Amino acid sequence: TTGKPDISREKSAELYAKAQTYFPGGVNSPVRAFKSVYGTPLFIQKGDGSHIWDADGNEFIDFCCSWGPLILGHNNAKVREKVIEVMQNGMSFGAPTALENELAELILKNNKFIEKIRFVSSGTEAVMSAIRLARGYTKRDKILKFEGCYHGHADALLVKAGSGLVTFGETSSAGVPKSVADETIVVALNDKEALAKAFEEFKDQIAAVIIEPVPANNGLLLQEKEYLQYLRDICTQNGTMLIFDEVISGFRVGFEGAAGYYQIKPDIITYGKIIGGGMPVGAYGSSAAIMSNISPEGSVYQAGTLSGNPVAMGAGIAQLSELLRIGFYRDLNNKTEEFVEAIQRFATARNYKFKVFGIGSIFWFAFTDKEYIRKAEDIDASSMEKFKKFHRELLNRGIYLGPSGYEVGFISSAHTKIDLEKTKRAIFDSLDLVFNG
Ligand code: PMP
């Protein structure tokens, strides 16, 4: 196997140069800047099904899928047509519409873990609101999060672990007040002892524990059901609300997300991404009793000019209707499992230090020989150099992965057998180059 010549990035480079005069770092969200992989970011012009095209006309099979929302692939006809139909009547009213009822009904009738929902416009907003609800409901201030979970960029959650088993968070961004970070406790994933210690140390002070039940923002740090059950139980014993942040896992590992996958009932669930069919949407839900604390019914304030936006609701209705078709998840998950297993077989046969972790239609490529990686500190940062080379080789072979080795990949229902065969060959060649090239 030989390295392929680099794809042309001339137009993308021009656009990026211009973008740098408009936006900090040339982007509107940091990871897009390709800081941890080779070359200038690709400016995408078009997507259709499993494929995307960049400004230079390069074509890729896409495994980023807009970071997860596009479970039906790009430009799905049903979603597009519904959006166009809704738009014929205007795009926003700031008043209730029947579309909100329709999307809520689709979700609530098919999800036994929540009884009422509130739509917002992003995952960050959903999480921020869920935290406020938990604090308002419990009348406590502290929250507990896990190192290696990402929950958007609300102040309270831009906090990382200090040294020690149980720590007050240290801010992971300038501009987050220390007093805010002091209300957030950070512990490692998959560590019952740390959790027990935190509850002991901060008895009757912890309003909520928030976790990605399928941690997928810092590698794919799959947790054992038994650990998640322990977490559920310790929250119940302490009057602490358990928040499942299902912005990625919601409607991804199954229609009922990780709560359904593990059969564990959290107190509040946050959603985003898939729920909006590619439009900006987030949501949070809980029991009717807990949700009654939200304004105007209750005293926890939360609002939004574009919340429940009709166009976004339309996209969500069209997309979720497809997901409810019998066999949708079975087919998607089987396809992913075959893909993951084939790549793992190849890597194992060649003794490469390479693991593919997967759940539902999410996968993560890790340059490691560890059997499992369940906590952030078990990821070897130096392995990211290998990812960088891997990513470049894959782009040169027409395969687009998110531009960081800490990011997971997504498979959509639009990915065909042919796409996945082509991708496997590209991965095999690229791995040969990374390990022997
Ligand atoms: N929670 C999780 C689990 C996420 O993955 C993300 C985004 N990747 C967010 C929250 C924040 O969502 P958004 O980017 O829509 O604000």
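# Two helices, two domains and a ligand shell

On the other side of α11 from its buried residues, R330, N334, E341, R345, T348 and A349 are exposed. This helix is a convenient point of entry to the structure, which is a predicted model. With 22 residues, α11 reaches 32 Å from its first C-alpha to its last, close to the 32 Å expected at 1.5 Å a residue. The buried residues of α11 are Y329, L332, T336, F339, V340, I343 and A347. These residues lie on the same side of α11, because the arc they cover around the axis is only 110°. The general rule behind such a pattern is that an α-helix has 3.6 residues a turn, so residues three or four places apart point the same way. The partners of the buried residues of α11 are β14, β15 and α13. Just after α11, N351 takes a positive phi of about 60°.

The helix α13 can be read in the same manner. Its 20 residues, 417–436, should span 28 Å at 1.5 Å a residue, and the end C-alpha atoms are indeed 28 Å apart, which agrees. Buried in α13 are D419, T423, I427, S430, L431 and V434. Because they cover an arc of only 105° around the axis, these residues are placed on the same side of α13. K417, I418, E421, R425 and N436 are exposed on the other side of α13. Packed against the buried residues of α13 are β3 (59–62), α11 (328–349), α12 (384–396) and β16 (399–400). The packing between α11 and α13 thus appears from either helix: α13 is listed among the partners of the buried residues of α11, and α11 among those of α13.

The next level of description is the division into domains. Domain 1 comprises residues 10–75 + 327–436, and domain 2 comprises residues 77–323. The C-alpha centres of the two domains lie 26 Å apart. To the contact between them, domain 1 contributes 24 residues and domain 2 contributes 29 residues. On the side of domain 1 that touches domain 2, α11, β14 (355–359) and β15 (362–366) each supply at least two residues. The most is given by β15, with three residues. Sorted by class, this side of domain 1 has 16 nonpolar, five polar and three charged residues. Helix α11 therefore has two roles in this description, since its buried residues pack against β14, β15 and α13, while the helix also supplies at least two residues to the side of domain 1 that touches domain 2.The ligand introduces another set of residues. Of the 15 residues around the ligand, S122, G123, T124, G152 and V247 come nearest. Helix α4, which covers residues 123–138, gives the most to this shell, with three residues. By class, the shell around the ligand has five nonpolar, eight polar and two charged residues.

Several backbone features in loops also merit attention. K139 is found in the loop between α4 and β5 (142–147), and has a positive phi of about 55° although it is not a glycine. K139 counts as exposed because 7 C-beta neighbours lie inside 10 Å, and the limit for that class is 12 or fewer. F251 likewise has a positive phi, of about 65°, although it is not a glycine. The place of F251 is in the loop between β11 (241–245) and α8 (257–262). Since F251 has 27 C-beta neighbours inside 10 Å, it counts as buried, the threshold being 20 or more. A further loop, between α9 (288–291) and α10 (310–323), contains P296. The peptide bond from S295 to P296 is cis, with omega near 10°.

The last stop is G25, in the loop between α1 (10–22) and β1 (44–48). With 13 other C-beta atoms within 10 Å, G25 is partly exposed. Leaving aside neighbours within four places in sequence, G25 is in contact with P30 and A33. From G25 to I264 the separation is 239 residues in sequence and 41 Å in space, C-alpha to C-alpha.

Key: Residues numbered from 1 in each chain as written. Predicted model: local features only at pLDDT ≥ 70, side-chain atom pairs only at ≥ 80, totals over all residues. Helix = DSSP H or I, 4+ residues; strand = E, 2+ residues; numbered from the N terminus. Expected span 1.5 Å × (residues − 1). Arc of directions from axis to C-beta. Contact = placed C-beta atoms within 7 Å. Domains from an automatic or database assignment. Nonpolar A, V, L, I, M, F, W, Y, C, P; charged D, E, K, R; others polar. Near = placed C-beta within 6 Å.
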